[in-house]
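User: I would like to go through this model with you, one question at a time, with the reasoning behind each answer.

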Amino acid sequence: DLYCFMSPEVYGQDSRFFACEALKEAVKQYTDHPIYHTIQEAETFGPVTPLDGFVVLPCTGASLSKLAHGLCDNAVLMAVKATLRNQRPIVIAFYTNDALGNSGVNIMRLMNTKGFYFVPFGQDDYIHKPLSMVANVDYLTQTLEKALKNQQIQPVVIENYHG
């Protein structure tokens, strides 16, 4: 059973990457459940509807920071908190232009925090964006399978990846 959670920004605003309505339609092809996009909707996934695991994809630098510091201000982060409360794994597939900069400390903090697992990642454009790293989603299924066994897929840092 697949559940989808979106932040208010993704749920309600177009970006340079996608039109929000087109994204929602694409997601609906994979689940019979509604898209959860409010904190109130996500709160029930701890005590009422526990999840086996949770994938944050894509995980931005801002979300990494909030997760590393225990902040919760949207449906995605509330669902992560609810899943952690049930001691189930969180898989992070991050995309950030400053992984080797300011976001690095948050990545390392989460890598050292019980319950968090990372999709292997590498630099995506070391010439034009030397601090940027992205997850290689080709490893998503393997990462989730390992995380469900409380194991981190290795190696977690891979060669340059042009996701």
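**Pockets and the strand β4**

Analyst: In this predicted model, the strand that gives the most to the lining of the largest pocket is β3, with five residues.

User: Which residues lie nearest the centre of the largest pocket?

Analyst: The lining of this pocket comprises 49 residues, and the space it encloses amounts to about 1700 Å³. At least two lining residues each come from several elements, among them β1, α1, α2, β3 and β4. Those nearest the centre are Phe5, Val55, Val56, Leu57 and Pro58.

User: How many residues of each class, nonpolar, polar and charged, does the lining of the largest pocket have?

Analyst: The lining draws on helices including α4 (61–68) and α7 (140–147), and on strands including β7, each with at least two residues. Sorted by class, its residues are 28 nonpolar, eleven polar and ten charged.

User: Which residue of β4 is the bridge partner of Val56?

Analyst: Strand β3 covers residues 54–59, and four bridges join it to β4, with the two strands running parallel. Val56, which is also listed among the residues nearest the centre of the largest pocket, takes part in this pairing. Its bridge partner in β4 is Ile92.

User: How many residues of strand β4 are buried?

Analyst: Strand β4 spans residues 90–96 and is mostly covered. Taking buried to mean under 20% relative accessible area, the count among its seven residues is six.

User: Which residue of β5 stands opposite Ile90?

Analyst: β4 is joined to strand β5 (residues 116–118) by three bridges, and these strands run parallel. Between them in the unit they form lies helix α6 (residues 104–111), and the β-α-β unit made by β4, α6 and β5 is right-handed. Opposite Ile90, in β5, stands Phe116.

User: Does β4 run parallel or antiparallel to β7, and which residue of β7 stands opposite Thr96?

Analyst: Strand β7 covers residues 133–135 and is joined to β4 by two bridges, in an antiparallel arrangement. The residue of β7 that stands opposite Thr96 is Met133.

User: What is the volume of the second largest pocket, and how many nonpolar, polar and charged residues line it?

Analyst: The residues lining this pocket are Leu84, Gln87, Arg88, Pro89, Lys114, Gly115, Tyr117, Leu148 and Asn150. Tyr117 belongs to the lining, and its position falls within the residue range 116–118 of strand β5. The pocket has a volume of about 190 Å³, and its lining has four nonpolar, three polar and two charged residues.

Technical notes: Residues numbered from 1 in each chain as written. Predicted model: local features only at pLDDT ≥ 70, side-chain atom pairs only at ≥ 80, totals over all residues. Heavy atoms only, no water. Buried < 20%, exposed > 50% of the residue type's maximum accessible area, 1.4 Å probe, protein only. Pairing = 2+ DSSP bridges. Right-handed = clockwise from strand over helix to strand, strands pointing away. 1 Å grid on protein atoms, 1.4 Å probe; cavity = no way out; pocket = protein on both sides within 12 Å on 5 of 7 lines; lining within 4 Å. Points joined across faces, edges and corners; volume = space filled by probe spheres on them. Nonpolar A, V, L, I, M, F, W, Y, C, P; charged D, E, K, R; others polar.
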